[in-house]
Structures are given as C-alpha cells and as structure tokens.
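Biologist: Before the discussion begins, please show the structure. I should like each term to be justified against its definition.

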Amino acid sequence: MLSVPLRTREIHLESRPDGWPTPDNFKLAEVDLPVLDDGQVLVANRYMSVDPYMRGRMNDVKSYVAPFQIDTPLDGGAVGEVIASASNDVAVGATVLHGLGWREHAVLDAGKVTVVDTSLAPESAYLGALGMTGLTAWGGLLHAARFKPGDAVFVSGAAGAVGAVVGQIAKASGASRVIGSAGSPEKVARLKELGFDAAFDYHDGPVSASLKKAAPDGIDVYFDNVGGEHLEAALSSLNLYGRVAMCGAISQYNSTEPSPAPRNLALLIGKRLNVRGFLVGEYADKSAEFAEQMAGWLADGSVTRDETVREGLDQAAQAFIDLLGGANTGKMLVKL
Ligand code: NAP
C-alpha cells in the first residue's frame, strides 16, 4: 500500500514567452495536497504529455482552448495510478488517464478520469497512439481528408507523434504511396523502417522540389502538421480533387511574424481541392471505433509506437521546449 503524500510538486507558468519559450517561463513549485472530497481520487502521475498545442496556451489569446494563467499550474494529458479514492466508481490501484499533467499528483473528481486497460498496451500508449495523438491521426486521415485506398499520401512532421501514425495508418489502409518529411537524416531513416515509401529531410532544399522527387505522380492527400512552405509545396503537388487535412502549423507556433506561405492558394480552384481544418475533439464520439482499430494495428504490427521519454518533473519544461525544436522521435513524454 502506497503512503499518501501531503505535499507535491507542479509546474507553474511564470511568464509568457515572446517567440521561443525558455526555461524561465516555467517555475517548479511545491504545494500542499488537498484532502479528498467525496467522489474524488488522488492520482500519482506516471507519465505526462508535452504537446505542441501547449505553446498556443502560453499566449494570452482567445482560442479553442483556454490560455494558461500566470502563477497557476499548467495542465495537459497524464496517466497515473489511483493511490487514494473517495469514490465508489474508481478503486485504488486503477490506472487512469486524465487532464491534470505537469504535476506529480492530481486530485480530481472520479468522473474526470478514464480507467485504461494496461493489459492491452502499456500506460504510456494512452498518451500517444492509443490516445489523443492517435485519434488525431486516425480522424484527420480517415475523416477530415476522406482517405480512400489507392490514394498517395504526404504527411509532414512525419516522425512525430501524429505524423508517424498517419503514415502507418495510410499504409495499413491501402495507400498507393506514403511520403513523409522530417527534420533529420535519422528521422528519415526511421520513416523508411516504419514502411514509408519515400521520405526526405526538409532542410535538404526547397520542400516543393523534394516532394516532387518523392512523389513524381503527385499526391491525393496532404496531412499538414507544419503549415507554411510545406503547405505551399503540397498544394503544388496535389492531384485533381486532392484533399488536405489541416492538423497543425508548427512552423509558425514560435513566429513573431505571419508566414508568407502558402502563396499559391488559387490552385484550389483549378485543381478543385478540398482543404479541411479539424480538431481532434470532433472525433470524440468515434473513440471506441478508433480504439478497437488502433489496438488491432498495434497488435498485428501495422503501427509501431515510437516514444522519446525524459525523466522527472524538473525536466518537463525542457522536454516541451525540445519537442518544439524537434528533439523527439514519436511521442514526447515525461516519466514522473
Ligand atoms: P510532434 O510531431 O511529435 O512534435 C513536433 C515536431 O514538429 C517536432 O518533432 C519537429 O520535428 C517538428 N517541427 C518543429 N518545428 C518545425 C518546422 N519549423 N518545420 C517542420 N517541422 C517542425 O507533435 P505532435 O503532437 O505529433 O503534433 C503534430 C502537429 O499536430 C502539431 O502541429 C500539432 O499542433 C498538431 N495537432 C493538432 C491536433 C488537432 O486537433 N488539430 C491535435 C494534436 C496535434 P522535425 O525534427 O521533423 O522538425
């Protein structure tokens, strides 16, 4: 039986970044743990997620998710073990997924946690391929981009959490060709091991030239994690009636100036392209279907989960900054 701690550590937002975040924007704080109210659980977090969307939440702007507040803890996806429970619904010992990351312990109403099955996959998978980033890949490719067998698919940010899963789902679902772009030769080599037909390092020259070489017959679907020059290149390589799932624009998250690209939007007209922005929450009602399909792909080896794991809450801010800089292959996690 684990003893219940009285105090815990969490990361607070110390200041808002202008451009790239720095460690000074974060503060490690030690705080008292509250006594559980009826219906609450105490979770010892085992893994927390760092995600690109958190960069937007560091700005004080209205968006689809509320900004973090100065001098208060950050939050985000986490998995952990219930070590005390005042709820009849969630027992001590359960492994749960919830939204109070960036801290070593979390006190939540039992209704705010989801018990996960660790016999199906390790707990960390519920922050990656079996969790939010996997659902993003699945929903974005199969629903937003309306992927169909025979499509040639290009995905940017392809060695990251979402991108690597997009490429592997496309392969498993009958894509005619899957092309990925990523930021280093090691990542390009990894994509080929994962079954991508072609991959290139976007630092090696103009993206449009690299993409044309990798996809001489054009592409039917572009899954955009990056925006800017990548989106411009994809619009130019898309075939008639091509589709774009706009998932993210990470090349712009730390920019202080708007991106000039894409400069070729008029191509949408002649090529009759369909460009669809989406948020993962749109597919929440399809979570069960997603989980069943993804568990099957993980079990039969169609999808491999890559993870980059940093150790300790005091490494969380640096892990997040490094994620934005591309230090991760697959899902970036912090083990607590
Ligand atoms: P990730 O891809 O695992 O990590 C971010 C990656 O972005 C880095 O590893 C880095 O890889 C790449 N990157 C950074 N700066 C770049 C630049 N200037 N140009 C090209 N690539 C750059 O993160 P993720 O969680 O899977 O998220 C991927 C994208 O999906 C993000 O844009 C995120 O905001 C978006 N997203 C959207 C939703 C939604 O609901 N719409 C949900 C989840 C995620 P390299 O080494 O390859 O540069």
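The dialogue that follows takes up the ligand, the empty spaces and the backbone.

Modeller: This is a predicted model, in which local features need pLDDT of at least 70 and side-chain atom pairs count only at pLDDT 80 or more, while totals for chains, interfaces and linings use all residues. Residues are numbered from 1 along each chain as its sequence is written, and side-chain values use heavy atoms, with hydrogens and water left out.

Biologist: What makes a residue one of the 27 around the ligand, and which come nearest?

Modeller: A residue is near a molecule if one of its heavy atoms lies within 4 Å of it. There are 27 residues around the ligand, and K187, Y202, Y253, V280 and N328 come nearest.

Biologist: What is known of the kinds of residue in this shell, and of where they come from?

Modeller: The shell holds 16 nonpolar residues, 10 polar and one charged. Here Ala, Val, Leu, Ile, Met, Phe, Trp, Tyr, Cys and Pro count as nonpolar, Asp, Glu, Lys and Arg as charged, and the others, Gly among them, as polar. Domain 1 (7-127 + 305-335) and domain 2 (132-281) each supply at least three residues of the shell; the domain bounds come from an automatic or database domain assignment. Among helices, α2 (132-144), α3 (161-172) and α9 (316-325) each supply at least two, and α2 gives the most, with three residues. Helices (H or I, at least four residues) and strands (E, at least two) are DSSP runs, numbered from the N terminus.

Biologist: Why is the pair formed by a ligand oxygen and the backbone of V162 called a polar contact?

Modeller: A polar contact is a pair of N or O atoms within 3.5 Å. An oxygen atom of the ligand is 2.8 Å from a polar backbone atom of V162, so the pair meets that limit. An oxygen atom of the ligand is likewise 2.8 Å from a polar backbone atom of G183, and a ligand nitrogen atom is 2.9 Å from one of F278. The protein covers 90% of the 910 Å² of accessible area that the ligand has on its own, by the Shrake-Rupley method with a 1.4 Å probe.

Biologist: How do you know that the second largest pocket lies between the two domains?

Modeller: Domain 1 and domain 2 both give residues to its lining, so the second largest pocket lies between them. On a 1 Å grid over the protein atoms alone, a pocket is an open set of points with protein on both sides within 12 Å along at least five of seven lines, and a cavity is a set where a 1.4 Å probe fits but cannot get out; lining residues have an atom within 4 Å of a point. This pocket is lined by 28 residues, with L97, H98, Y126, G131 and M132 nearest its centre.

Biologist: How many cavities of 30 Å³ or more are there, and what lines the largest cavity?

Modeller: The count comes to one cavity of 30 Å³ or more. The largest cavity is lined by 14 residues, with A129, V165, R305, D306 and K331 closest to its centre. Both domains give residues to this lining, so the largest cavity lies between them.

Biologist: What makes the peptide bond from A261 to P262 and the phi of D71 worth noting?

Modeller: Most residues other than glycine have a negative phi, and most peptide bonds are trans. The bond from A261 to P262 is cis, with omega near 5 degrees, and phi of D71 is near 65 degrees, a positive value in a residue other than glycine.

Key
Polar contact = N/O pair within 3.5 Å; in protein donor to acceptor, adjacent residues only side chain to side chain. Points joined across faces, edges and corners; volume = space filled by probe spheres on them.
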